[in-house]
Amino acid sequence: MKTVVSGIRSTGNLHLGNYFGALRNFIKMQHENRCFFFIADYHSLTTHPDPALLHVNVKNVLSEYLGSGLDPEVATIYIQSDVPEVAELYLLLNMHTYVGELERTASFKEKIRKHPDNVNAGLLTYPVLMAADILLHRADYVPVGKDQEQHLEMTRRFARRFNNIYGVEYFPESMPYNFGQELVKVPGLDGSGKMGKSEGNGIFLIDSDADIRKKVMRAVTDEGPKEPNSPMSEPVQNIFTILKIVSSPDTVDYFTEKYNTCEIRYGDLKKQLAEDIIKTVAPIRERILEIRSDDAFLAKVVKDGKEKARASADKTVAEVREIMGFKPF
Ligand code: ADP
Ligand code: TRP
């Protein structure tokens, strides 16, 4: 049995990128493995969220996890800040992490560029906290989207370094996971780049059918192919990328053929895409709305998750302390 760990920051509602990049993979694995899925609320603090919204965000993400099909009977679902052991492991890992390597991280460089007024130390050490999340349960697999590849590489480097320094084989090589396939990048429908909360281009699991139709119909396209079999522009490729994720192979073949013969009508393509997204999202949304109002159920999931996660975390931190030379008097 393998150990699987993943998490999503509680900075807003979950979108198709989170679902197809991370959540769905995890849900497929939860019955055969030892699984931990947490809400990264400590991680959300790098952008200084309003305290009045912190809890609401966590509750929303928890409901969205459960509505998507995470099963608290088989997986451990918990809130990162309910397991303070992660903060201790983060502190210990920080002692063997070099400022230079953190400064070279792509996500850090991008944050500096986008928000030069808020370059806090939490942002710099973000990959160390993420490594602590993963190593806290000594994960074999980490289902994530393509954007997290570098963070996973850093996690493995920190783990190897710890093992080398102390002459142990303690931490495993935690691998990003997507069923033997390439990690997924769900694009936005605004022409370029990935779908993301901060990109303002999300199609959310909580969106109504009407919202989804509106967002998809607004997707950026181009003037259409001028000659048979011409290459697709990036905005059109992005629409096909999402179509491949949510629609049947027949549908994808049909529209690809239409594109290649210059007969495509983007309006028809978008209508089909919207309906196929709705097929995935609508049942999830209905469950989210039901679960979100069931406070007793949510409280029980959080309490059970916290207990199970802390038992695992406590064991790791005790062993790490021993390896590093801490001894009781
Ligand atoms: P966001 O990017 O929306 O702020 P997070 O950074 O918290 O969300 O990402 C949580 C998880 O969702 C990660 O595993 C990440 O790889 C995945 N993810 C986010 N956006 C995408 C996307 N557009 N395509 C694929 N995976 C994604
Ligand atoms: N850094 C991840 C993101 O922004 C979220 C995250 C935090 C995570 N800790 C993790 C993902 C541990 C997987 C495992 O998407």
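**Two ligands and a cavity in a predicted model**

An oxygen atom of ligand 2 is 3.4 Å from an N or O atom in the side chain of R9. The protein covers 91% of the 360 Å² of accessible area that ligand 2 has on its own. The model is predicted. R9 is also among the closest residues to ligand 1. The largest pocket holds ligand 1, and the space taken by ligand 2 is the largest pocket as well.

**Ligand 2**

- The residues around ligand 2 are S6, G7, R9, F38, H43, Y126, M130, D133, I134, V142, V144 and Q148.
- By class, this shell has six nonpolar, four polar and two charged residues.
- Y126 places a polar side-chain atom 2.7 Å from a nitrogen atom of ligand 2.
- For Q148, a polar side-chain atom lies 3.1 Å from an oxygen atom of ligand 2.
- At least two residues of the shell come from each of β1 (3-9) and α8 (126-135).
- The largest share of the shell around ligand 2 is that of α8, which gives four residues.

**Ligand 1**

- Ligand 1 is surrounded by 18 residues, and the closest are R9, H15, D147, V186 and M195.
- Two of these residues use backbone atoms: an N or O atom of V186 lies 2.7 Å from a nitrogen atom of ligand 1, and an N or O atom of M195 lies 2.8 Å from a nitrogen atom of ligand 1.
- Of the 530 Å² of accessible area that ligand 1 has on its own, the protein covers 96%.
- The side chain of N18 has an N or O atom 3.1 Å from an oxygen atom of ligand 1.
- β1 and α1 (16-29) each supply at least two residues of the shell around ligand 1.
- Helix α1 gives the most to this shell, with four residues.
- Sorted by class, the shell around ligand 1 has six nonpolar, seven polar and five charged residues.

**Cavity**

- One cavity of 30 Å³ or more is found in a search of the whole structure.
- The largest cavity has a volume of about 40 Å³.
- Its lining consists of L93, H96, T97, F158, R161 and F162.
- Helix α9 (residues 149-166) gives the most to the lining of the largest cavity, with three residues.
- By class, the lining of the largest cavity has three nonpolar, two polar and one charged residues.

Technical notes:
Residues numbered from 1 in each chain as written. Chains lettered and ligands numbered in written order. Predicted model: local features only at pLDDT ≥ 70, side-chain atom pairs only at ≥ 80, totals over all residues. Heavy atoms only, no water. Near = heavy atom within 4 Å. Polar contact = N/O pair within 3.5 Å; in protein donor to acceptor, adjacent residues only side chain to side chain. Areas by Shrake-Rupley, 256 points an atom, 1.4 Å probe, with all protein chains shown as cover. 1 Å grid on protein atoms, 1.4 Å probe; cavity = no way out; pocket = protein on both sides within 12 Å on 5 of 7 lines; lining within 4 Å. Sits in = over half its atoms within 2 Å of the grid points. Nonpolar A, V, L, I, M, F, W, Y, C, P; charged D, E, K, R; others polar. Points joined across faces, edges and corners; volume = space filled by probe spheres on them.
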